[in-house]
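Colleague: I am new to this structure and would like a close look at a single part, with its surroundings explained step by step. Could you take me through it slowly and tell me how each term is used?

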Amino acid sequence: MSPSVALGSHDPLTESADALVVCVFSGALAEHPTLRALDRTLGGALLAHAKTVEFEGKPEQLLDLPTLGRLKAPRLLLAGLGAADEISPSRLRSVLASAVRAVQNAKTVSLVLPREDIDLRTVGEGIGLGAYRFDKYFTAERRPKTTLTKVSVHLPSNKAPADAKKALALGGEISAAVALARDSVNEPPNVVNPEALAKLAREIAKDNQLRIKVLDKKGILAAGMNLHYAVGQGSENEPRFIHLTYAPRKKKKKIVFVGKGLTFDSGGLCIKPAPGMGDMKSDMGGAAAVLGLMAAVSSLRPELEVHGIVGAAENMPDGSAYRPADVFKSLEGKTVEIINTDAEGRLVLADALCYAARLKPDLIVDAATLTGAALIALGKTCSAFYTATDELARTLEGAARDAGELFWRMPLLDELGEGLKSDVADLKHTGDRYGGSITAALFLREFVGKTPWIHCDIAGPALSDRARGIVPKGGTGHAVLTFINLLERLSD
Ligand code: BES
Ligand code: MN
Ligand code: ZN
């Protein structure tokens, strides 16, 4: 559960809390009114100690101190925001998340912001994101002793702007949507199978008044999504196709998000090596991002029709599994020769993208943990994205920057498309090993027709091996914040 976040009414220095967190800009610590008051209370030890340990308020710099009974809060944490004139939404969100993570065993926290004009929605987001934990499978002594239940937020003047409550609440709802994406990645694959994703989508639809359509294995076959069907045919956990719709009365555009929902990717008959195979529970990271976005959309209420589509399946080897050399007819009509059963994501997406294009949207955005090659190209923390439209690229770059998530544009190199020519069908579904993220994108492009389209290969950042800023260890919910910001830009 995320903590309740509200504006504090008391003086933060006399409010009782397990920890007092003070956010400070870098430099001039001695002129900071709250720090000066705290320094006096602590007999001059605070500023002197900050100097000793070289705490200057640099971005993400933290100073954790006991208050030795001189303050109501037994613990004081200073959190550096960096230079006042360089503060951005992403830095603010990140520092707050780091600070909240650092005091995670406190039950109650008082938080002091450095300035009146700080965006409280971003504050709400940062607190919720930093407080995230996935501990439901711990029992007995592994259970956390305490959890953060309440954060009171203080502005320097203690005078709240009129919309403060609403902004903090919206930030909390957005962080909850990211948490939903993180949870579904962190859940083990024996729990999150395709039907479990469909169940989650039904819950999201119910809570947010969205329309929902789910196709089961038979329905997928009857609809002609033979590529999606093929990927799922080797598993006892049957595939699902999920379609959520948010349709407000006033709408300027229609946007469709499509997520790869491989609840486990063993590689199929072209089975993956054992080391690292467990990470493939995160192969539904794209689906998680789309479901997280759809959970947030009714809080955001954009003047846009927003569709969320998930192609869910489990890629397993068994007697009925699809094989290399098989040929299937896609929903779009093109036939595809299977080369490697471990390149399953693009098959599921191909049919889902064709379905999306038939909705005649203004834009399709897909998110998929699609290729190891994207990790080789950009590392573990940055997504690769592709679009033929420069203006869309700039919009996505702006959205990612504000969200504090890394996305880097990659080229759709037509030459590499040569590798997708098949001797027996219209297309092979994999090309050369080199440029593997690009050929995957080129394969997907065959199924979107003329619809403006952004493809996001989130294979790296969907899962993190360490906590840093807004990112926890494990499932990250990567892309939810960027997609939210993208929607806001498209509805402006
Ligand atoms: N889900 C994987 C891609 C992946 C790898 C995601 C590592 C996250 C971390 C995808 O289905 C896959 O197996 N891709 C193959 C494609 C190849 C067989 C053409 C790959 O990248 O090796
Ligand atoms: Mn695979
Ligand atoms: Zn996969």
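Modeller: Ser 184 counts as buried because its relative accessibility is 6%, where buried means under 20% relative accessible area, exposed means over 50% and partly exposed covers what lies between, for a 1.4 Å probe and protein chains only. This is a predicted model, in which local features need pLDDT of at least 70 and side-chain atom pairs count only at pLDDT 80 or more, while totals for chains, interfaces and linings use all residues. Residues are numbered from 1 along each chain as its sequence is written, chains are lettered from A and ligands numbered from 1 in written order, and side-chain values use heavy atoms, without hydrogens and water.

The residue you are looking at sits in helix H5; helices (H or I, at least four residues) and strands (E, at least two) are DSSP runs, numbered from the N terminus. Leaving aside residues up to four places away in sequence, Ser 184 touches Val 192, Leu 200, Met 284 and Ala 288, contact being heavy atoms within 4.5 Å. To give a sense of distance, Ser 184 and Ser 422 are separated by 238 residues in sequence, and their C-alpha atoms are 37 Å apart in space.

The empty spaces that helix H5 helps to line come next. On a 1 Å grid over the protein atoms alone, a cavity is a set of points where a 1.4 Å probe fits but cannot get out, and a pocket is an open set with protein on both sides within 12 Å along at least five of seven lines; lining residues have an atom within 4 Å of a point.

The largest cavity is lined by Ala 181, Val 185, Gly 285, Ala 288, Ala 289, Ile 458, Ala 462, Thr 476, Gly 477 and His 478. Ala 288, already named as a contact of Ser 184, is therefore worth finding again in the view, as it is one of the residues lining this cavity. H5 and H9 each supply at least two residues of the lining, and the largest share, three residues, comes from H9.

H5 also takes part in the second largest pocket, which has 46 lining residues, with Met 1, Ala 176, Ala 179, Leu 180 and Asp 183 nearest its centre. Strand E1 (4-7) and the helices H4 (120-130), H5 (164-186), H6 (194-208) and H9 (285-300) each contribute at least two residues to that lining, and H5 provides the largest share, with 14 residues. Of these elements, H4 is mostly covered, with 11 of its 11 residues buried; among them are Leu 120, Arg 121, Glu 125 and Leu 129.

From these spaces you can turn to the metal ions. Donors are N, O and S atoms within 2.8 Å of the metal (3.2 Å for Na, K and Ca), and sites may look incomplete because water is not among the atoms. The zinc ion (ligand 3) has as its protein donors Lys 260 (NZ), Asp 265 (OD), Asp 283 (OD) and Glu 344 (OE), which lie 2.0 to 2.4 Å from it. Along the sequence these donor residues of the zinc ion follow the spacing K-x4-D-x17-D-x60-E. Lys 260 lies in strand E9 (residues 253-265) and Glu 344 in the loop between strand E12 (335-337) and helix H10 (345-357), so this pair ties together parts that are 84 residues apart in sequence. Both Lys 260 and Glu 344 are buried, and for Glu 344 the relative accessible area is 1%.

The manganese ion (ligand 2) is coordinated at 2.1 to 2.2 Å by Asp 265 (OD), by Asp 342 through both O and OD, and by Glu 344 (OE). Its donors are spaced D-x76-D-x1-E along the chain. Asp 265 bridges the manganese ion and the zinc ion, which lie 3.1 Å apart. Since Asp 265 lies in strand E9 and Glu 344 in the loop between E12 and H10, these two tie together parts that are 79 residues apart in sequence. Asp 265 counts as buried, because its relative accessibility is 2%.

As a contrast with Ser 184, consider Pro 317, found in the loop between strand E10 (304-315) and strand E11 (327-329). Pro 317 is partly exposed, with a relative accessible area of 32%. Not counting residues up to four places away in sequence, Pro 317 touches Gly 234, Ser 266, Gly 268, Leu 269 and Ile 271. Pro 317 and Trp 453 are 136 residues apart in sequence and 32 Å apart in space, C-alpha to C-alpha.
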